[in-house]
Amino acid sequence: MTDRVRVAEAAAAAGADVAMAMFERDIETEEKSSKTDVVSEADGAAQDEILTTIADHYPDDVVVGEEGNTPKEIPETGDSWVVDPIDGTSNYLHGFTVWCQAVAAVRDASPVAAAVTRPAVGETYVADDTEFRKNGDPTTVSDESDPERFVVAPTLRVGDDNRDQYLSVIETCFADLGDLRRIGSAQLTLAMVAAGSIDVALGIGRSHPWDTVAGVHMIRTAGGTVTDLDGNPWRHDSDGLVASNGQAHDAVLDAFDF
């Protein structure tokens, strides 16, 4: 998978260059599903550059992408890619540096390589089929084993339809676990679990593949555990996502009582 991980990293970097060139500029935006779910012209431009980079190496592969008319479902067989040109668009548009590009290479519906770039602060997360690296250095999940010390980051988007659910997650974090962070970028949250900066990431409901697949591969490669809400191994079409360092995964599932 060496070539695919290199292409994933190159594609993410190409998208990052485009996004950085437009960062903190006056650019066009429009609403998608709600007032807090927006897309900008930078998203489309960055995705175009990512797609071009992948096509230069693998022109026949399916590419699943968040924006435009790209396919939205991962094929169950064959080689494909999953890309998010700017994960954390709201952060991006508000001038926060917490956003990223995510590119995953997939074979028979399972990720085999992934890259996430956070260009505003110069961070790169990369995983092939055997090793996870942050900024070029081999890295693993945290070794914290006490759930009451866990830092938990929810990945679910906050909207009018899930505010009560989100408040319940917050209450459980403070009552039964350690502390809570809301990053505002699902893929970056998952990459931070893989890098040991966060102990647990939690998503309720089915997530889009461009918000999850790359980061899930990184966590597993870094030694962590990712399941659905029932504790079954997570897939791109699972209902919910619980990602942890693996030290007390069952305790996390029990705390939220899914």
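**Stop 1: strands S5 and S6**

Select residues 100–107, which are strand S5, and residues 110–118, which are strand S6. In this predicted model, the two strands run antiparallel and are joined by seven bridges. To see one of these pairings, show Ala 102 and then Val 116 in S6, its bridge partner.

**Stop 2: the whole sheet**

Now widen the selection to the sheet that holds S5 and S6. Seven strands make up this open sheet, and their order across it is S3-S4-S5-S6-S7-S8-S9. The pairing is mixed. Which strands lie at the edges? They are S3, residues 62–65, and S9, residues 137–138, and each of them pairs on one side only.

Before leaving the sheet, select Asn 135, in the loop between S8 and S9. Asn 135 is not a glycine, yet its phi is positive, near 50°. Its relative accessibility is 43%, so Asn 135 counts as partly exposed.

**Stop 3: two helices across the sheet**

Select residues 41–57 to pick out helix H2. H2 lies across S3, S4 (79–87) and S5, and runs at about 150° to S4.

Next select residues 213–221, helix H6. H6 lies across S5, S6, S7 (123–127) and S8 (132–134), and its angle to S6 is about 105°.

Stay on H6 and colour it by burial. Eight of its nine residues are buried, so the rest of the structure largely encloses this helix. The buried ones are Val 213, Ala 214, Gly 215, Val 216, His 217, Met 218, Ile 219 and Thr 221. Just after H6, look at Gly 223, where phi is positive at about 100°.

**Stop 4: H5 beside H6**

Keep H6 on screen and add residues 186–194, helix H5. Two packed helices are described by the angle between their axes and the distance between the axes. For H5 and H6 the angle is about 5° and the axes are 8 Å apart. An angle under 35 degrees counts as roughly parallel, and H5 and H6 are therefore roughly parallel to each other.

Which residues make the contact? On H5, show Gln 187, Leu 190, Ala 191, Val 193 and Ala 194. On H6, show Val 213, Ala 214, Gly 215, Val 216, Met 218 and Ile 219. Sorted by class, this contact has nine nonpolar residues, two polar ones and no charged ones.

How many of the residues of H5 are buried? The count is nine of nine, and the helix is mostly covered. Its buried residues are Ala 186, Gln 187, Leu 188, Thr 189, Leu 190, Ala 191, Met 192, Val 193 and Ala 194. Just after H5 comes Gly 196, with a positive phi of about 85°.

**Stop 5: strand S10 and its partners**

Select residues 151–154, strand S10. In a regular strand the side chains alternate between the two faces of the sheet. In S10, Val 151 and Ala 153 are on one side, and Val 152 and Pro 154 are on the other. All four are buried, and both faces of the strand are covered.

Add residues 179–180, strand S11, which pairs with S10 in the parallel sense over two bridges. Here Val 151 stands opposite Asp 179. Then add S12, which also pairs with S10 in the parallel sense, over three bridges. Val 152 has Val 200 in S12 as its bridge partner.

**Stop 6: helix H7**

Select residues 249–256, helix H7. Its buried residues are His 249, Val 252, Leu 253, Ala 255 and Phe 256. Seen down the helix axis, they fall within an arc of 160°, so they line one face of H7. Turn to the face away from the buried side to find the exposed residues Asp 250 and Asp 254.

What covers the buried residues of H7? The cover includes helix H4 (163–176) and strands S12 (200–203), S13 (225–227) and S14 (241–244). H7 is followed by Asp 257, which has a positive phi near 50°.

**Stop 7: Glu 24**

Finish with Glu 24, in the loop between helix H1 (2–22) and strand S1 (29–34). Glu 24 has a positive phi of about 60°, although it is not a glycine. Is Glu 24 buried or exposed? Exposed means over 50% relative accessible area, and at 62% relative accessibility Glu 24 counts as exposed.

Notes. Residues are numbered from 1 along each chain as its sequence is written. This is a predicted model: local features need pLDDT of at least 70, side-chain atom pairs count only at pLDDT 80 or more; totals for chains, interfaces and linings use all residues. Side-chain values use heavy atoms; hydrogens and water are left out. Two strands pair if DSSP finds at least two bridges between them. Contact means heavy atoms within 4.5 Å. Axes are lines fitted to C-alpha atoms, for helices over the stretch in contact, and angles run from 0 to 180 degrees between N-to-C directions. Buried means under 20% relative accessible area, exposed over 50%, partly exposed in between (1.4 Å probe, protein chains only). The arc is that of the directions from the helix axis to the C-beta atoms. Angles under 35 degrees count as roughly parallel, over 145 as roughly antiparallel, 65 to 115 as roughly perpendicular and the rest as oblique. Ala, Val, Leu, Ile, Met, Phe, Trp, Tyr, Cys and Pro count as nonpolar, Asp, Glu, Lys and Arg as charged, and the others, Gly among them, as polar.
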